[in-house]
Amino acid sequence: MDTYALAALFALVIDHVWGEPRAKFHPVVWIGKYLNWSASRFAPKSCAFTETPLNHRKIFWQGALYWSTGALIVLLSTIVITIALQELPYGVEVLLLGCLLKPLFAWRMLREEVVAVGTALTRSLGAGRVQLSRLVSRDVENLDASQICEAAIETLAENLNDSVVAPLFWFAIFGLPGAAVYRFANTADAMWGYPSVRGGHDWQWAGKWAARADDILSWIPARITAMLLLIGSPAKLKFLAKEAARTPSPNSGWPMAAIALYLDVRLSKPGVYSLNERGREVVLQDLITALNLTRVTVIVLFFILYFCGVVGLTYLAGYQ
């Protein structure tokens, strides 16, 4: 555990100083290429339902097969890498493990993208809408300043789990293979998991396996993220589960509800959900506060990882 903790801390330093690696060296980009390649082989074209009846069961299991194949490749390759690293001197192992972990989480990039929305909004409403469109899939054309901030805060909270807490949670338990398989699952969910027409393909059934797999792997981390966000307001924890249940997702509602409760604001997506409905309307300052809150949350998370590593090292030393 001490190895994982120190590697995670080193990965955070890399993230803070350099951010994301170049695309051609980024494992998530490689995962995306595999998912695109797979989609062209099993996901039905969006117009297919007008030509021939679709075999939904076959499409579902083909999606499961391609997902499982990709996950297995990721798992086996990272197991081999992990075994190879263990043969190296301890310090070298920690540094290389940190380098390999870094692309599997993205704290600096997430924060910079959300900061960019706030900065753009200070210039003009139109600039804020354009910048937000880089982060969300919803229509931003008619959003006002408050709704832009709402959407940015929701994205920040949801991706704090998906891009930071969850991969580090699985890394802490299963090492590099755990983080890598989670990143594969989360990327597959983003590309395959929404039951709509995207990229010329109909994902109504083709992406169901990917969506469920991500739901399962994100279940515990999402709740950990929510509790970390409310660590400074423990009295609001009793409202968390009820508010989180207002969203259709079994996981994303937890960090979003937590941040809404902490800020005492209302976060909503028209026709889908409304969190902390009695809260006040979001203003730009709330986006700044949310960014500060998530920064503290990440620091606490890494402190917990480090503390667990020290305790684990002390235990092992005493046991030996």
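Start by selecting Arg-212 and Asp-215, which form a salt bridge whose closest N and O atoms are 3.7 Å apart. Keep in mind as you look around that this is a predicted model. Both residues belong to helix 8 (residues 208–229), and because they are three residues apart there, about one helical turn separates them. Colour Arg-212 by accessibility and you will find it partly exposed, with a relative accessible area of 48%.

How many salt bridges does a search of the whole structure find? The search finds eight. Side chains of opposite charge can pair when their charged atoms come close.

For another one, select Glu-113 and Arg-134, where the closest N and O atoms are 3.0 Å apart. Glu-113 sits in helix 5 (residues 107–123), while Arg-134 is in the loop between helix 6 (125–132) and helix 7, so this pair ties together parts that are 21 residues apart in sequence. Arg-134 is exposed, at 56% relative accessible area.

Next, show the side chains of Glu-243 and Arg-246, which meet in a salt bridge at 3.1 Å, N to O. Is Glu-243 buried or exposed? Its relative accessibility is 10%, so Glu-243 counts as buried. Its partner Arg-246 is partly exposed, with a relative accessible area of 36%.

To finish with charged side chains, select Asp-15, Glu-20 and Lys-102 together: a network of salt bridges links them.

Now move to the second largest pocket, which holds about 430 Å³ of space. Its lining is made of 19 residues, and those closest to the pocket centre are Pro-27, Trp-30, Ser-77, Thr-78 and Ile-81. Select these five to place yourself in the pocket. To see the surroundings, display helix 2 (27–42), helix 3 (56–85), helix 4 (90–101) and helix 7 (145–192), the elements that each give two or more residues to the lining. Which element gives the most? Helix 3 does, with six residues. Colour the lining by residue type and you will see 16 nonpolar residues, three polar ones and no charged ones.

For the next stop, switch on the surface and select Leu-72, Leu-75, Leu-76, Ile-79 and Ile-83. Together they form a nonpolar surface patch with about 410 Å² of accessible area. One of these residues, Ile-83, is found in helix 3, and with a relative accessible area of 48% Ile-83 is partly exposed.

The last stops concern the backbone. Most residues other than glycine have a negative phi, and most peptide bonds are trans.

Select Asp-264, in the loop between helix 10 (253–263) and strand 3 (267–269). Asp-264 is not a glycine, yet its phi is positive, near 60 degrees. At 41% relative accessibility, Asp-264 counts as partly exposed.

Then go to Asn-276, in the loop between strand 4 (273–275) and helix 11 (284–319). Asn-276 is not a glycine either, and its phi is positive at about 50 degrees. Is Asn-276 buried or exposed? With 11% relative accessibility, Asn-276 counts as buried. Before you leave, add Val-265 to the selection and draw a distance between the two C-alpha atoms: Val-265 and Asn-276 are eleven residues apart in sequence and 6.6 Å apart in space.

Definitions and conventions: Residues numbered from 1 in each chain as written. Predicted model: local features only at pLDDT ≥ 70, side-chain atom pairs only at ≥ 80, totals over all residues. Heavy atoms only, no water. 1 Å grid on protein atoms, 1.4 Å probe; cavity = no way out; pocket = protein on both sides within 12 Å on 5 of 7 lines; lining within 4 Å. Points joined across faces, edges and corners; volume = space filled by probe spheres on them. Helix = DSSP H or I, 4+ residues; strand = E, 2+ residues; numbered from the N terminus. Nonpolar A, V, L, I, M, F, W, Y, C, P; charged D, E, K, R; others polar. Patch = residues over 30% accessible without salt bridge, like charges linked within 9 Å, V, L, I, M, F, W, Y side chains within 5 Å. Areas by Shrake-Rupley, 256 points an atom, 1.4 Å probe, with all protein chains shown as cover. Salt bridge = Lys/Arg side-chain N within 4 Å of Asp/Glu carboxyl O. Buried < 20%, exposed > 50% of the residue type's maximum accessible area, 1.4 Å probe, protein only.
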